[in-house]
Every structure is written in C-alpha cells, then in structure tokens.
Amino acid sequence: MRAAVLDKLKGARQLPLLALVLLLGVAALLYLNANPTTAQPRGGTALEARMAQVLGKVEGAGKVHVLLRETVAASTTDGAQLADGAVIVAEGAGEIKVQLALQRAAKALLGVPLERIEVLKMGDGK
C-alpha cells in the first residue's frame, strides 16, 4: 500500500509545486511565531474602546478613535499585554488645546511618556 502511494507521488508532475507551496506555508508559520508583534487585522481591544469612550468626553474632542501599541510584558508569566504607545485620532484635534488635553489624559491612563502618544486630527474619510 505504502509503495503504491510513493509510486503515484513520484510520477506526479505537480510534486515540485506542491513541495514549494508546503515549504512557503511552513516558512510563513515560522515567521509569524517568531514575530508575535506582526500586525494582524483585528477589532479594537476593550482598553482601546474604553479609552475612546473616555477621551470622547473631553471638551471639543468630538468623535475619537484609539489604537494602542501593545507588547507582551517580559515580567509576567501569563503573557499579559502592556500598552507602550498610542495613536489617538479625534475630530477636534485640530485645536492645540484639545490635542494637549487628549495627550495628557492618555498619558495618565497608560502611564507612558508623552512622546509615545500621537494625537491627530480626524479626516473626512475621503
């Protein structure tokens, strides 16, 4: 039985293509496991949603979106995620007063330096 299967595989014309596809798949899996911070499409985290809700209440902020840069904490055994940076996009961020208020609030919430928090004016989406 085993010999018959091997004989069929030896005669297959598409075996090199199958081997290449398999090799690329294994390489991709190894790459993704070695680089856990690889960007992957996902929904926002609970912390991002809570921050957006709170920051949206800042006077003049308007609609707010938050994206956190998260890393795995080396000091924990459970692989907890810690935010070490943030991008905040807000409708009212065109005013410096609103930008600074959002930046200070994010600093207080995350405990990261101000230079790791970017506050940008929301575009019209076109």
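Which glycine follows α4, and what is the sign of its phi? The residue that follows α4 is glycine 111, and its phi is positive, near 70°.

This is a predicted model, in which local features need pLDDT of at least 70 and side-chain atom pairs count only at pLDDT 80 or more, while totals for chains, interfaces and linings use all residues. Residues are numbered from 1 along each chain as its sequence is written, and side-chain values use heavy atoms, with hydrogens and water left out.

**View 1. The whole protein has 4 helices and 3 strands.** Helices (H or I, at least four residues) and strands (E, at least two) are DSSP runs, numbered from the N terminus, and from that end the elements follow the order α-α-α-β-β-α-β. Of the 126 residues in the protein, 21% are buried, a word that here means under 20% relative accessible area, whereas exposed means over 50% and partly exposed lies in between (1.4 Å probe, protein chains only). Among contacts (heavy atoms within 4.5 Å) between residues at least 6 apart in sequence, 50% join residues at least 24 apart.

**View 2. Helix α4 packs its buried residues against a helix and three strands.** The helix has 15 residues and reaches 21 Å from its first C-alpha to its last, close to the 21 Å expected at 1.5 Å a residue, where the expected span is 1.5 Å times one less than the number of residues. Val98, Ala101, Leu102, Gln103, Ala106 and Leu110 are the buried residues of α4, and the elements that they pack against are α3 (46–55), β1 (64–72), β2 (81–90) and β3 (117–121).

**View 3. Glutamine 103 lies in helix α4, which covers residues 96–110.** Glutamine 103 counts as buried because its relative accessible area is 17%. When neighbours within four places in sequence are left aside, glutamine 103 is in contact with Leu114, Ile117 and Val119.

**View 4. The largest nonpolar core has 18 residues.** A nonpolar core is a set of buried Ala, Val, Leu, Ile, Met, Phe, Trp, Tyr and Cys residues joined through side-chain atoms within 4.5 Å. The members that touch the most other members are Met51, Leu55, Val64, Val66, Ile88 and Leu102. Two or more residues of this core come from each of α3, β1, β2, α4 and β3, and the largest share, 4 residues, comes from α4. Leucine 102, with neighbours within four places in sequence left aside, is in contact with Leu55, Val58, Ala61, Ile88, Ala90 and Val119.

**View 5. Aspartate 84 lies in strand β2.** Aspartate 84 counts as buried because its relative accessibility is 17%. Apart from neighbours within four places in sequence, aspartate 84 is in contact with Arg69, Glu70, Thr71, Val112 and Arg116. Alanine 83 also has its place in strand β2, and, not counting residues up to four places away in sequence, alanine 83 touches Leu68, Arg69, Glu70, Leu110 and Val112. Between alanine 83 and glutamate 48 there are 9.9 Å in space, C-alpha to C-alpha, although these residues are 35 apart in sequence.

**View 6. Leucine 30, in helix α2 (residues 15–34), is exposed.** Leucine 30 counts as exposed because its relative accessible area is 57%. Together with Leu22 and Val26, Leu30 makes a nonpolar surface patch of about 310 Å².

Notes:
Patches are made of residues with over 30% relative accessible area and no salt bridge: like charges are joined within 9 Å, nonpolar side chains (Val, Leu, Ile, Met, Phe, Trp, Tyr) within 5 Å. Accessible areas come from the Shrake-Rupley method with a 1.4 Å probe; for residues, only the protein chains shown count as cover. A salt bridge is a side-chain nitrogen of Lys or Arg within 4 Å of a carboxyl oxygen of Asp or Glu.
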